[in-house]
Amino acid sequence: CQKAKRDLRYALKLCDLKRVSEAVAFAKAHLGSAEEALTLAERLRDSRHIAEALAIGEHGLQLSGSKARLGEWLGPLEETQERMDQALQAWLVAFSERPSLESYKTIKRLAAASWDTLRPTVMDTLRKSYDKQVQAEVLIFEEAWGEAIKVADQRNVWYRVVEIVADAVVQHRPEWVAKITRQHAERLMAEAKSKNYPIAAEWLKRMKKAYQVLGKMDEWQTYLQGIKEQYKRRPALQAQLKRL
């Protein structure tokens, strides 16, 4: 393995031979990627060499390549050893590459008293992410209704993001929910494609709920009757509308 420059396999073989200290020293000098470090760290943990697994994991966070999997693996292990600062750093690295609501919650919990200081950096990372759904989920978790709506109102955002935001803010921003759901429903109904009618009906259900929150059910009934009359020659759509 040494002659072939198969450094990871060489380090793993050292582990198999129970030459763990040599494996760690060799790995720190020769491994080139976070993925390789994760593979070795997992082998060390499985053989109950926890301190060494942590050392290689932390070293791997400094190497090239994607670090999300390593950070998500290392964070919980650090926490089991009550190494909260190191756990936080691992999760921050993972979050920077692959943000999620669960990792956000974990970072907030681990940050504890320092969260107010750390939060702007975490939110800046989130805003730079291409994953608008995670942005929306985090803002909803923080009850930042207005900011969540801004995400949903962005151009070319996935419909799923709009659905998530609409469902979450209907009690707090019913006017916006009524408006955005009407836009999506009417666009789908206007296309005269029967496969879109169940989706349009789901938007209309959200619209109805918004009108319920607003206390404007008379307006909703008037609107619904108007839609039924407008599309009276579309039986597939009428079948969906009858369920509302």
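This text walks through the structure from its overall form to single residues.

The model is predicted. Its secondary structure consists of 15 helices and zero strands. The chain has 244 residues, and a compact globule of that length would have a radius of gyration near 18 Å. The protein has 26 Å instead. Along the principal axes, the C-alpha atoms fill a box of roughly 80 × 40 × 30 Å.

Now the balance of inside and outside. Of the 244 residues, 44% count as buried. The protein exposes about 13800 Å². Carbon and sulfur atoms supply 48% of that area. There are 42 positive and 33 negative charges, and their mean positions are 7 Å apart. Sequence separation can be read from the contacts. Take those between residues at least 6 apart in sequence: 52% of them join residues at least 24 apart.

Next comes the interior. The largest nonpolar core has 55 residues. Within this core, I107, V165, W176, M189, L204 and W220 touch the most other members. A second, separate core holds 28 residues, including L12, C15, L40 and L63.

W176 belongs to the largest core. Leaving out residues up to four places away in sequence, W176 touches I149, A152, D153, V162, V165, A166 and V169. Several of these partners lead to helix α11, which spans residues 159–169. Its buried residues are V161, V162, E163, I164, V165, A166 and V169. One of them is a glutamate, E163. What do the buried residues of α11 pack against? They pack against four helices: α9 (132–141), α10 (145–152), α12 (174–190) and α13 (197–214). V165 thus appears in three places: among the residues with the most core contacts, among the partners of W176, and among the buried residues of α11.

Back along the chain is helix α7, residues 101–111, which contains S103. Is S103 buried or exposed? S103 counts as buried because its relative accessibility is 3%, and buried means under 20%. Setting aside residues up to four places away in sequence, its contacts are W91, F95 and R98.

E42 gives another case. It sits in helix α3, residues 34–46. Its relative accessible area is 26%, so E42 is partly exposed. Beyond residues up to four places away in sequence, E42 touches R69 and W73. P76 lies 34 residues from E42 along the chain. The C-alpha atoms of E42 and P76 are separated by 13 Å.

Two loops deserve a look at the backbone. Most residues other than glycine have a negative phi. R48 has a positive value, with phi near 70 degrees. Its place is the loop between α3 and α4, the latter covering 50–60. R48 counts as exposed because its relative accessibility is 75%, and the cut-off for exposed is over 50%.

E82 also has a positive phi, near 60 degrees. This residue lies in the loop between α5 (68–80) and α6 (84–97). At 67% relative accessibility, E82 counts as exposed. R48 and E82 are residues other than glycine, and each is placed in a loop between helices.

Technical notes:
Residues are numbered from 1 along each chain as its sequence is written. This is a predicted model: local features need pLDDT of at least 70, side-chain atom pairs count only at pLDDT 80 or more; totals for chains, interfaces and linings use all residues. Side-chain values use heavy atoms; hydrogens and water are left out. Buried means under 20% relative accessible area, exposed over 50%, partly exposed in between (1.4 Å probe, protein chains only). Contact means heavy atoms within 4.5 Å. The radius of gyration is taken over C-alpha atoms; the globule rule is 2.2 Å times the number of residues to the power 0.38. Accessible areas come from the Shrake-Rupley method with a 1.4 Å probe; for residues, only the protein chains shown count as cover. Lys and Arg count as positive and Asp and Glu as negative; His and the chain ends are not counted. The place of a charge is taken as NZ of Lys, CZ of Arg, CG of Asp or CD of Glu. A nonpolar core is a set of buried Ala, Val, Leu, Ile, Met, Phe, Trp, Tyr and Cys residues joined through side-chain atoms within 4.5 Å.
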